[in-house]
Structure formats: C-alpha cells, structure tokens
Amino acid sequence: MYLSPKTSRARLKEAENARRNRAEILKAYSTGQITRRDLVRWGLITAGGLLLPLNGLSPFANSAYAAIPTGAPPSPLFGIQPFTQPMPRFDVLPRNAVATLSPAPTKQANTTQQPVAPELGGGLGPIEGRPPGPIWAHQLFNQFPPRVAVEVTQEGAKPNLVYNPGVPSSLNSGINAATAFRPRFHPSLPDQRSDKLWTFMGTLPPKLLIGRYGEPILFRHHNRLPADVTNNGGCGRHTISTHEHNGHHGAENDGFTGAYFFPGQFYDYHYPILLAGLRSINTAATDRRAGGPDDSGGIITVPGDWHETMSTHWFHDHMFSFTSQNVYKGIAGMFNIYSALDRGNEAIKDGVNLRLPSGTAKSFGNLDYDVNLMLADKAWDQNGQLFFDIFEFDGFLGDAMTVNLAYKPFFEVERRKYRFRILNASVSRFFKLALSDGAPFFMIANDGNLLPNRVLLAETDELGIAERFDIVIDFSRYSIGQRVSLVNLTEHQDGKGPERDLTLTEALAGASADPCVGTFLEFRVVRNPAQPDLSQVPEVLIPNPDLTNIPVAAQRTFEFNRGANQTTNDPVTSFFGPWGVAADGGRTLAADFGRVSAAPKFGSREIWTLVNGGGGWDHPVHIHFEEGQVLARDGSAANVPPWERGRKDVYRLRPGGSVTLTMQFRDFGGMFMEHCHNTVHEDNAMLMRWEIDDSGPPFLRPLPTPIPTPQGVTFEDPTEILPTAFR
C-alpha cells in the first residue's frame, strides 16, 4: 500500500499529488457536502465501493514512470530512529465526587434549553444529547446510583499540563509528568494540529478510566469539537457517541451508533459496573467471589454471577458511518475494571484474589506492574500531520507503528513479572505478537475476560481489531542491561485482512515489505525490583458460566458479505456501502440503524452463528452488551483454541470461516449493535441493529429509533423489521 522510501522522487511526487487530490474529495465527503452516491455518479468509485484507477487521483493508477501501480507516499520520519523515545503510560482520568457535577445527573435526559451555535442551525436545544423520555432513561439508576463522577471533554489537540500516569517517573521510563506533554507521536515530529487530532481532554497520552465492581460511575462526556463541521482537518465528524466496549448496562449507556450528540452538548453515561445475572444468580450478594475491592483490602460483594467478572475494557467513538475516522483521530481510551478476583493488589491473600502482577501500595488498582498497551498503525502527510484515506474501502493501513500513540518507543522494566493489557486500536490492521528472543509468556485474558486457564505461548494468535489480549511476561529471566522487543508477525498488503504470518526469523530479518512488520516496542531491563515480586499467574483463573441447564430459545445465522443491497432510504439512519450483513438466509443488507434485524427475548439464551461470506476477507465481529462463549469454529468444537475458550465479545471469523457462539440476554433492555470491527467495513455498511424490547414498560416492541439534531432528538418508527427478527 505504501511506496518504499527508496522510490524515485518523481514517483513519490506523483503519489503525493494524488493523495492531496483525494484529500479534497475526502474533506467534502466527511463534511457532508457530497455523498457516496455522488462519487459513483461522477465516475470516481464503482458501485461496489472501489476507487477507480484514475491518474492524479488513485494511488494505484498506472504510473507514468513504470508499468506497476504506484502506492501512497510513505510517512516522513524527519530523521527519527525507532526506540528513541520512552513509551508513556496512560493518563489516568480523575475520579471525583458526584456532587462536583453541575448540573446534577438525572435519570432521564436533561432537556434544559440552551442556545445552539449558528453553524448548527441556531435556535435552542437541550444541554444533554441523550434521547429524552423513559425509554432512554438510565436503567437501575435508583437501585445503583453513581458514586463516582468522571468528567471528560472531546477536544482538538493541545499540550497536556496535568498528565497523571498513576505511577512515579521511575516506573514510567523516566518521563517527568510535571512537564507539558506535547500532542505529537515523537519529540522530533511536529505537534498535531487541533483539527487533525481529536482526543479525550484534547491531550496525549490516551486516557485510562479506573473502575471497580460495587461503585457505579457517572461518565459525563462534553462535546467541545468545532461547531463548524468543515473544521475537521479533512476527516472526522464532530458528532460523537461513546461506546463502552463491552459494558453490561442499558442501551442508553452503550454508545448506540444513532444516539450521537453535538458540539456544545454533553451526554451522561451511567456505568453501574454490575455482574451479569444479577436478577437471578447470587441475588443476596453473599458470594465473596462476586464483588469489588474496598478501600482497606476487603471486598464489597455485589449480586450476580462471579463467572461473568470482566477486567479489560476500552471506550471509543461509535458515530454512524464515521467510527473509523473518529477513532483514528484519537477518540479511544481504556478502562480497567477491578474485582474481588482481579484486585490490582498482588499482596492480598484472602483465597479470592488471584494476585496478578500489579503492585501493593494501594488497596486496589495498582498500575506499577499492570501496563496498558494501545497498538495502532498511523500515517502522516509530508507536514507530519495525521493522514487518513476513506477511499480504501477494504480497510485503511498506516505505515507507522505506535504504542500508546508514540512511534516505536522503548519501555523500561524491572526484573520481575508484568501484566500487559494489549488492545488493538487500529482501523483495519491485525497483529500477531511474539518476543524477539522467542521466549514464552502466559496469556491470561481474551477481550474483557480472564480465561478459565492460563495459556503458555511463544506467539499469540492474530489479534483482531478491538480484541484485547492480556499477557504476563517474566523479565526476571533477563539481566540488567538486556533488551527484548515485541514483534509483529502479521503482514498486510491491503486492509481486507492479513496476507500471511511470518516466522519470527523472517520478521526480524526484514523479509516483509510491510513497514509495520517487525519490532515495534523495546523493553529495557534497567534494575532489580525494590520489593519482592509477590504476584502469581494461577493455572485456574475464571471458569466459564455453566449454561447446560439454560434452554436455547432460538438459533440465528448472520453472514458478513460484500455486495450489499439497501432496502431503505432514510437520510439519517441508512447508508450505502459495499459491505453488509445477511440475517437468517436473507439478503445481504447495508446498514440502517432504523432496521430491526434481531430481537431476542428478555432473559433468554440463543445460539448465533457468524459466517464469513467472502473467501479472502477477515472480519472481527463485535456483538454489543453480552459476553458470549464460543461453541465451535467452522462447525467443530475441536477447532476452538484454548485462548478462545473463555468469554468473548469480538469474534474473528477468518477467511471463509464461521464461529458459533451462545449468549444470554439479561438484566437490561434497549437497542444494541452487531458489526465488523474493521471499522472501515463497519462505516461502509457492515452493521446491524438488534434489540431487547419485551421486558415491559417503558420499552415498546419494536423500539422507536432516535433521530438526533442539535435542537433536540425526535423519534420515528423502524424503517424495516426483518421477518426473522421476532420469534
């Protein structure tokens, strides 16, 4: 996809001119001045979504200088070398008293009126963008009122003057948190412009939310992006919807793709942090394994099934048709959830705490040896500004590897065990990870869930977009002064999926033309730990819930294909794109968040089979709200590897493959989503809505669809209900 840096100046200039020409079209498209249909009508793309090979526009047009296609110009490095900057730890979000919020949070949306910016149509509109009324009221709000407030903003890039890594400088590779942290990918790269990089608080590093079972959070998100939709640096949409991936709470807090809000508004998300099954299992909260840490080393017990305990989440934008652009621009963070089992304190011996690598100074949530890693490939233009190309409908690939939005950094470690919570926050790229010396490590969690058993690996499986792997590396095997690196083994030639996985020897030898294959994070062993390593990696972690006595109410099949049809034409809820989903043997349909494709019954269990309808594509499919258990791959339970035998929320289908899983639908209702998490595929119509709508008032069957505007949210009937949705 990218030209080699050794390419002739003439060809590099040609490719850069093509990129600039496409950027003009991209900007008009991203701001709503033109549509996908306009591009087809003008002969710039095919109906299937492929950019036609036109000289001066497509990077793959025949070059005037050679018979082979030209690629995009490589991101300039301005002379910087890999592993010349420290990797920053995440920036921990402040946890405040709920009384600090003004106005106070309310169960139903706050519809107090305020002036609307002229760029948004003027007049008056509500201060909160959450859809009004009882259907979108916070479920169980009175039973589990918020006890902690976390207030965030969405802004353009600016220096961080209040960076809080949650650890001292010695555990953050020497970074002085009191020094302003600039919005750039490397000290020798330019600061990102405020219209190019949109992050939480407008700052780097990425943000970390800390939570625990038994302590509900009110997450107030202010949209302070420009009111002028054209002030976006060429891509991204200033309307946002924050998805807490994969929280067990009501749909009003899920970040539904059609529940977006506008600049000048806020949205109150209520994260009760509850165990699934709270209405039917351990209802008296007597099981000590079902709970969260208190402030003195003990446990706050909560109702629900302790087998449903979750640990590593993340949150990101989910704006309809603009998720890839907004997440790429920086709207993503991580969320550590601490529990009775996963306490974040390795010293507590009470027969419940698993004592995973973390630290001992605080009663819970120690980050000393519990490290979040956000992997993402990026690209920048000749001025060093973030670059994205929406015309890659197969998927967008960057050519510069970042960890925590830092270009190929190093990280200093002590000679002891570390837990790394690894998130693939890329748009379309997959990763397969190994240590440069081939040393083994333990995998302990997949997605948000600790596995039933630890798994010893020398390299991971391919990590799909939005998947999370928690691994434990023991650096006590190394001497002070030694270095070892994380290596990516997965090669891409385009965004539709991995081309191949290299051997470790091939990757280290530079056998791939993919610039993101090879080493990307260097660990430097700098000292012995000051305190003994008290952490453990137990063989047994969290067994799966036992579903043998729960009947299966229905079975459904969803096939993910190219060549989608669109049967609706709602200007807000429907989209035209090459990708789509076919439900239960029906037609492959492009996304419409007004269409109801499935409606499981409240309290039921179903079996869903996800099928990859294309031979060469790979789709990491995410199902919102509930964790599932994988029953079979390609029709056989024997094909499910040990690291997929726990609970999951993203299911990588593999080319031509299928995944059969089972889920329960409990505790909450509302409208949710299922989609490919190659977010370019998602944005180009590989998304569907499903809902739980039969749990009684205030819910209706079917649910009305929200239609947001700056002046307020209205509702309309579903645009379509598929024949197999209700059973």
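**View 1. Strand β14 gives the most to the lining of the largest cavity, with three residues.** The model shown here is predicted. Strands β5 (198–200) and β14 (370–378) each supply at least two residues of this lining. The largest cavity holds about 100 Å³ of space. It has 15 lining residues, and P206, G330, A332, M374 and L405 are the closest to its centre. Sorted by type, the lining has ten nonpolar, three polar and two charged residues. The count of cavities of 30 Å³ or more comes to ten.

**View 2. The second largest pocket holds about 710 Å³ of space.** Its lining is made of 24 residues. Look for R237, F322, P571, V572 and F575, which are the closest to the pocket centre. The lining divides into 13 nonpolar, seven polar and four charged residues.

**View 3. F320 and F575 form an aromatic pair.** A search of the whole structure finds 37 aromatic pairs. In this one, the ring centres are 6.3 Å apart. The planes meet at 80°, and the pair is edge-to-face. F320 lies in the loop between β12 (312–317) and α3 (323–328), and F575 in the loop between β27 (554–562) and β28 (579–583), so the pair ties together parts that are 255 residues apart in sequence. Both F320 and F575 are buried. F575 also appears in View 2, among the residues closest to the centre of the second largest pocket.

**View 4. The rings of F665 and W690 pair edge-to-face.** Their centres are 5.5 Å apart. Their planes stand at 75°, which is over the 60 degrees that edge-to-face requires. F665 sits in the loop between β36 (658–664) and β37 (670–676). W690 belongs to strand β38 (residues 687–692). The pair therefore ties together parts that are 25 residues apart in sequence. F665 has a relative accessibility of 0%, so it counts as buried. W690 is buried too, with a relative accessible area of 0%.

**View 5. Eight rings form one aromatic cluster: F200, F219, F261, Y267, Y269, Y271, F315 and F335.** F200 falls within the span of strand β5 (198–200). F315 falls within the span of β12 (312–317).

**View 6. Two charged side chains lie over aromatic rings.** K329 lies over the face of W198, at 3.8 Å from the ring centre. R524 lies over the face of F410, also at 3.8 Å from the ring centre.

**View 7. The loop between β38 and β39 (705–707) holds P698 and P702.** A cis peptide bond runs from P697 to P698, with omega near 10°. Another cis peptide bond joins R701 and P702. Here omega is about 0°.

**View 8. M201 has a positive phi although it is not a glycine, and R654 does as well.** For M201, phi is about 70°. M201 is found in the loop between β5 and β6 (207–212). M201 has 22% relative accessibility, so it counts as partly exposed. For R654, phi is also about 70°. R654 lies in the loop between β35 (650–652) and β36. R654 is partly exposed, with a relative accessible area of 26%.

Terms used: Residues numbered from 1 in each chain as written. Heavy atoms only, no water. 1 Å grid on protein atoms, 1.4 Å probe; cavity = no way out; pocket = protein on both sides within 12 Å on 5 of 7 lines; lining within 4 Å. Points joined across faces, edges and corners; volume = space filled by probe spheres on them. Helix = DSSP H or I, 4+ residues; strand = E, 2+ residues; numbered from the N terminus. Nonpolar A, V, L, I, M, F, W, Y, C, P; charged D, E, K, R; others polar. Phe/Tyr/Trp six-rings, centres within 6.5 Å; stacked < 30°, edge-to-face > 60°. Buried < 20%, exposed > 50% of the residue type's maximum accessible area, 1.4 Å probe, protein only. Lys NZ or Arg CZ within 6 Å of the ring centre and 35° of its normal.
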